[in-house]
Structure formats: C-alpha cells, structure tokens
2 protein chains.
Amino acid sequence: MASPVRHRTQAERSERTRELLLDATISCLVELGYARTTVHEICRRAGLSRGAQQHHFTTKAELMTSALEHLFRRLGEEIMTATANLPPGPERLDEGIGLLWRAYSGTLSTAAVELWVAARTDAELRRSLLPVDRELGHLTLEFYRRIAGPSVDEARLQTMLLLTVNLIRGLALDAMIGGDSARRTALLAEWKTLVAAGIGM
Amino acid sequence: MASPVRHRTQAERSERTRELLLDATISCLVELGYARTTVHEICRRAGLSRGAQQHHFTTKAELMTSALEHLFRRLGEEIMTATANLPPGPERLDEGIGLLWRAYSGTLSTAAVELWVAARTDAELRRSLLPVDRELGHLTLEFYRRIAGPSVDEARLQTMLLLTVNLIRGLALDAMIGGDSARRTALLAEWKTLVAAGIGM
DNA sequence: CCAAAAACAATCCGGCTGGCATGTAAAGTC
DNA sequence: GACTTTACATGCCAGCCGGATTGTTTTTGG
C-alpha cells in the first residue's frame, strides 16, 4: 500500500532530478533570458530545493554549461530524427531547409542564443560551448548531405550549408525581437531558390 | 587665472555628461555583456557619480534605452558616411557588402546584439528598440540602393538587402563566440557572387 | 537490520545591486 | 549680489543573489 513510485533506484532519482533542473534552466532562459535567470527561480520551477541543485551542480556556471549540452543534444536529436521523414524528389531541399529553420528558430535555439551571447563575455561558458557547437555543426552537415544527395560536391555543399545556417541564425535573431514573420518566410523562400541554383539542382 | 574650462553652459555640461555615460554604457556592454553591466561600473568608467547618472537617466532601463538610440544613431552615421567613399564599377557591390559587414560586426554592433537579445525578454527595451531598428533598416536600404544603382528592381533589391543583413547578423553571432574568421571571409565572398547573380550584375 | 552513502531540504551569510534621500557646487535669472 | 534652478556628489538601505553549512530522508551494501 505504499505510494506507487517506491524504491526508485539512486540512479533513477538522480537522472530524474537532473533532468528537472536542466529543463527548468532552459525554460528560464527562454522566458526570462540569461540576465534574469537565477538559481532560485530554476529550483522553484523544478520543484526542488537549492540543496538538491547544489548536490548535482555545484555552481551556477556548472548548471548552465550542463544545460547547454543538454540543449544541444536535444537539438541534434531533433534534427536527425526529422531527416527520416523528408520526402524524396525536388521538394526534398525545400523541406530540408524549412526543417532546419524550424530547428534553429524554435525554443531550444532561443535558449541556445541566450547562452551563446552570454558566452562571449564568459570564458568558462565559452569553453564548454565551442566543442558542443562544433559537434552540432557536424551533425547538421551530415543532415544536409542527406538532403542534397551524394551527387553534390562536398566543399560546395559545406559552403551552402554554412551560408544557410548563418542566414537562419540571423533570421532567428530577427524573430526574437518580433520582426515580421511573413517577411522571414518570403526571405527563406527566396533563399531556397538561390541554394537550389547554387548546388545545381 | 581660472582653470581653462570655465563657464561651460549648462547645456554643454549636460550633453558632455550624457555622452560620457552613454559611451561608458556601450563599452560595458561590449566588454562585460548585458548581464554583468551595472550602473556602478558605468559610472566608474564615465568618471562620474551615481548622482550624476540618476540626474540624467532616472532608472537603469532608461540609461539602456538611451544608449541604444545613441548606438544606432552612430551606426547609421557610420554607414552613411562610408557610402561616399565607395568606388564605381564592378567592385562597388563587393566593397559595399564588405562595408556593411564591417559596420554590422564591429564593436557598435556587438553592443547592439547584447541589447537586442536582452530586449527579447524586456518589454520596455523592446519597445524602444523596434522603431530605432526600423529607422536603421531604412538607412541601410538607402545605402544599398546607392551601391546597386537605379537599374535594379526595387523589390528585388530589398529582398537581397534583407538576406544580406540577416546573413551578416548570423555571421556576427559566429564571430562573437570566436568562430573561424577565415571561414567567414570565404562565406562572405561566396555570398557576394550570389548577390551579383541575384540582382543581375 | 544496520551503518554508510547518496539524495534532498532548510537556513544562514557576505557581497553586491539599484533606488533614494540628502547635501554641495556651479550656472542662470533678476 | 541674492535667489532659483540645474548639475553633480555622497552615503544609506532594502532586497536579492549565489555559495556554504548543517540537518533530514531515502537507498544501498553487507
């Protein structure tokens, strides 16, 4: 007659708590921004005490960098799983770029930009950001390769991908402060035709 | 025998002080980032007291929004004055985009991005950001028109400009966290050829 | 079943932040 | 040259932030 969730193993408890904390961190970053995110608020949202947080992530910086990895892992998964559902044929590129846009402009990416900008003036954060970002870059390139097919020149493919990602990040920035959504859609459509021409499809 | 700077008019004193404060604010944003920028530090850098700051900008938010306008006005001037020195002929487009890149990735723009991101979760800041940003957009479009010449279709010109600006902002973000500078240069070069084709030059 | 360890809770504390109240000096007014 | 207004300085304070400490519960290993 004990409560149904008895005898959770230590590992289960830990992982559950860590996940709660990291998710709360991300939600804080999205809703409050980096500057107003406090460990207090994170714990409140996670429904945990400061003690629990300190047990798993000693310092705030550690919590942030862990949240970052958590975030990028999710982003990567999101991108890769979406690859499977891409249609073949000429709409493939179109859909692919649209998917990339959604991935890089969703809530996950919003939080990422917050950390990104914060990392500029925070050496510790930057150190942990760079390798994770690079890994995500590789993943995205892999993703792009599946979109374009094997016929496209590798160097050219990478160039177009990087242009795309950087454009999308700029557009994401525009979206963050409430620029015109229809305009972004139009720009993205225009960009798709440019890419199609650029990689010769 | 009095000190050489006697009898400054009130207006002169005010303007001088305000400028000191706004410049200090921007330098803080660039070097410390939004989260770590405190009014104390701003006053320290300006060589003024908290009292002086409060006299001219009652609240911190007011100081920030004013810094924003100060910033964008400068950016606009920077862009417009640079237009005059553009070479004619085919290098004109090339030089123009390069100039835009320098303008949008310099220290001024770094501070702007800090405020930009902060504005996402700060309604007051966002309200003051949007109109100023729009004005800067108009200025930049004007700039682009001078680069391209009158022969280019207006709608198409605007599309290419917006793509350029958003790409550049994405690249600026990349630069902020120390991405590869040579790679950015290569991407920008690639982009220039795409634009040239895009507006039919 | 019991001791040790891990997970989690509650509370305290030094430091700093931004706003405010109060005081002084310089500039403008008549 | 007194008087007002504006510009600037100094010091104080309530609040909050993150880190450390100490105490309680749950799991684990023997």
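Leave aside the neighbours within four places in sequence, and B:Leu115 is in contact with B:Leu29, B:Tyr34, B:Met64, B:Leu68, B:Leu125 and B:Leu129. Contact here means that two C-beta atoms, placed from the backbone, lie within 7 Å. Residues are numbered from 1 along each chain as its sequence is written, while chains are lettered from A and ligands numbered from 1 in the order in which they are written. Keep in mind that this is a predicted model, where local features need pLDDT of at least 70 and side-chain atom pairs count only at pLDDT 80 or more, though totals for chains, interfaces and linings use all residues.

**The core around Leu115**

The largest nonpolar core has 104 residues, and A:Leu115 and B:Leu115 are the ones that touch the most other members. A nonpolar core is a set of buried Ala, Val, Leu, Ile, Met, Phe, Trp, Tyr and Cys residues joined through C-beta atoms within 7 Å. Buried means that 20 or more other C-beta atoms lie within 10 Å of the residue's own; exposed means 12 or fewer, and partly exposed is in between, with C-beta atoms placed from the backbone. As a rule of thumb, nonpolar side chains in soluble globular proteins tend to be buried together.

B:Leu115 is one of the buried residues of helix 6 of chain B, and others include B:Glu114, B:Trp116 and B:Arg120. That helix is mostly covered, with 12 of its 14 residues buried. Helices (H or I, at least four residues) and strands (E, at least two) are DSSP runs numbered from the N terminus.

Helix 4 of chain B is worth a look too. B:His70 is found in this helix (residues 60-83), and B:Leu71 lies in helix 4 as well. B:His70 counts as buried because 20 other C-beta atoms sit within 10 Å; B:Leu71 is buried with 22. Beyond its neighbours within four places in sequence, B:Leu71 is in contact with B:Ile26, B:Leu108, B:Ala111 and B:Ala112. B:Ala111 and B:Ala112 are also among the buried residues of helix 6 of chain B.

**Chain A overall, and helix lengths**

Chain A has 9 helices and 0 strands. Along its principal axes, its C-alpha trace spans about 65 × 40 × 30 Å. Of its 201 residues, 37% count as buried. Among chain A contacts between residues at least 6 apart in sequence, 70% join residues at least 24 apart.

Here is a quick length check on three helices, where the expected span is 1.5 Å times one less than the number of residues.

| Helix | Residues | Expected span | End C-alpha distance |
|---|---|---|---|
| Helix 6, chain B | 14 residues | 20 Å | 21 Å |
| Helix 9, chain A | 18 residues | 26 Å | 25 Å |
| Helix 8, chain B | 23 residues | 33 Å | 33 Å |

After helix 8 of chain B comes B:Gly178, with a positive phi near 80°.

**Where the chains meet**

The contact takes 35 residues from chain A and 35 residues from chain B. On the chain A side, helix 8 gives the most, with 12 residues. By class, that side has 20 nonpolar, 7 polar and 8 charged residues. In this scheme Ala, Val, Leu, Ile, Met, Phe, Trp, Tyr, Cys and Pro count as nonpolar, Asp, Glu, Lys and Arg as charged, and the others, Gly among them, as polar.

Helix 9 of chain A has A:Arg184, A:Leu187, A:Leu188, A:Trp191, A:Leu194, A:Val195 and A:Gly198 as its buried residues. They cover an arc of only 120° around the axis, so they are on the same side of helix 9 of chain A; the arc is that of the directions from the helix axis to the C-beta atoms. They pack against helix 5 and helix 8 of chain A, together with helix 8 and helix 9 of chain B. The face turned away from the buried side carries the exposed residues A:Ala182, A:Thr193 and A:Ala197.

**The two DNA strands**

A residue is near a strand if its C-beta atom, placed from the backbone, lies within 6 Å of it. Around DNA strand C there are 22 residues, with A:Thr17, A:Ser49, A:Gly51, B:Thr9 and B:Thr38 coming nearest. DNA strand D is surrounded by 23 residues, and the closest are A:Thr9, A:Thr38, B:Thr17, B:Ser49 and B:Gly51.

For strand C, helix 1 and helix 3 of chain A, with helix 2 and helix 3 of chain B, each supply at least two residues of the nearby surface. For strand D, the helices that each supply at least two are helix 2 and helix 3 of chain A and helix 1 and helix 3 of chain B. The surface near strand C has 3 nonpolar, 14 polar and 5 charged residues, and the one near strand D has 3 nonpolar, 14 polar and 6 charged.
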